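Biologist: Please show me the model, and then let me ask how you justify the words you use for it.

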Amino acid sequence: MTATAVPSTPSPSGSAKPAWDKGLANTIAAETEMSFIDGGKGILEYVGIDIDSLARNSTYEETVFLLWNRRLPKKDELAAFERALRAEYELAPEIYNLIATLPKSTTPMHALRTLVSALATVDPTADDHSIEGSQLKALKLVAKTPALIANFDRHRSGKPFAKPDASQNIAGSFLTMLTGQKPTDAMNRALDVCLILHADHGLNASTFAARVTIATLSDMYSAMTTAVGTLKGPLHGGANEEVMVMLNEIGTIDRVDAFVKAKLAKKELVMGFGHRVYKTTDPRATYLKTFSKQVATDTGNEKLYEMSRTIEDLMAAEVGSKGIWPNVDFYSATTYHSLGLRLDLFTPMFAMSRMAGWSGHCIEQLRDNRLIRPQASYIGPHAAKYVPIAER
Ligand code: SDX
């Protein structure tokens, strides 16, 4: 059924009837103090600090503190925050037992959505939706998600579980659990930067979904479960995996031109491009592009990076005039691949980072809450008669 926008005609009281804003592209549904996006200029700021400065100078843990407290921490505050996170890295035995029961063929995003939800079953404060209670749950979720992802991957690979390492930052503890060995400083930093870049991004689909859930005064675990499920879609967080699928499908740089032009000719999506807000290059992609070149070169994946560059140049020539430019997912794919992550762990990486933004938005929602319940425009019949089944 084709969607028809309902014209905003004045109601008897004289006020305009609400019009249908398909995809809510032109609707402000919340206020936030965390990230600012100027889609025309390609600007992203976390609490006023541009994303490039944060990617170059900050850490994921410091960025989480910034998003949640609206300011950078002093040295002792950061140290205390890192200690608080590391004290919550570990999973309850029941969660490890649950991971062990999941079929090894489960898609990691299905596993993550299930396990985030299960965290509520071992948290006696799960239903405390006070600000303080929600802040504690936010900290637990950011701290525990790495162990959920890494240990599901170990389970499906037939490896024994690996405990988080509280002597390391989130990136280092995650990579150590995942691979069984401590990462190099360069690899640790590469993941830490990716976590910074993905931490928050205004009212994207998964963040909006989380706000809708918490606005009913449900709980943080339910809201994060909603968010993980929403991020999974290939139009949203699932795009980074689809970019890697596309790069593998193209195979060699000489096949880029025909592949991309065929996609565009068929009006099919080239994944990792386009954005609801950015009508120029996503500033996160700008930073990731330089980063992925370095990581790809260091790990012998130059060809993958060169193929990405070729795709970017061709897309600029073909559809740049339509405002279709690389988004965060385009170069995060080559970065994660170069870090040695399996393709179906790319979107879980996105979720691991975005736990900070999702939970921060939920706390903003709770501070000034109103149930989120928009209207639908009824386009069905009226005055229909009930016909007994014998007469149908
Ligand atoms: C993320 O919102 C956020 O902040 C999200 C995110 C975050 O940090 O949370 O930034 C993360 O989700 C990034 C986006 C990842 N998704 C992809 O890379 C999937 C491919 N991109 C498209 O699906 C699309 O660009 C969207 C969904 C991202 C945005 O779509 P819109 O705003 O609804 O725009 P649209 O689909 O109406 O497209 C407008 C036109 C269409 O052509 P016409 O019908 O006008 O001729 O642009 C075309 C589209 O066909 N188009 C593309 C394209 N994206 C849009 N054509 C080819 N390839 C693409 N990637």
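Biologist: What makes the pair formed by His 236 and the ligand a polar contact?

Modeller: A polar contact is a pair of N or O atoms within 3.5 Å. In this predicted model, a polar side-chain atom of His 236 lies 2.9 Å from an oxygen atom of the ligand, so by that cut-off the pair is a polar contact. His 201 has a side-chain N or O atom 2.6 Å from a ligand oxygen, and a polar backbone atom of Val 270 is 2.8 Å from a ligand nitrogen.

Biologist: Which values rest on what?

Modeller: Residues are numbered from 1 along each chain as its sequence is written, and side-chain values use heavy atoms, leaving out hydrogens and water. As the model is predicted, local features need pLDDT of at least 70 and side-chain atom pairs count only at pLDDT 80 or more, while totals for chains, interfaces and linings use all residues.

Biologist: Why is the ligand said to lie between two domains?

Modeller: Domain 2 (53-234 + 355-367) and domain 3 (239-338) both give residues to the shell around the ligand, so the ligand lies between them. The bounds come from an automatic or database domain assignment.

Biologist: What makes a residue count as nonpolar, polar or charged in that shell?

Modeller: Ala, Val, Leu, Ile, Met, Phe, Trp, Tyr, Cys and Pro count as nonpolar, Asp, Glu, Lys and Arg as charged, and the others, Gly among them, as polar. By these classes the shell has 10 nonpolar, 7 polar and 7 charged residues.

Definitions and conventions
A polar contact is a pair of N or O atoms within 3.5 Å; within protein, one must be able to donate a hydrogen and the other to accept it, and residues adjacent in sequence count only if both atoms are side-chain atoms.
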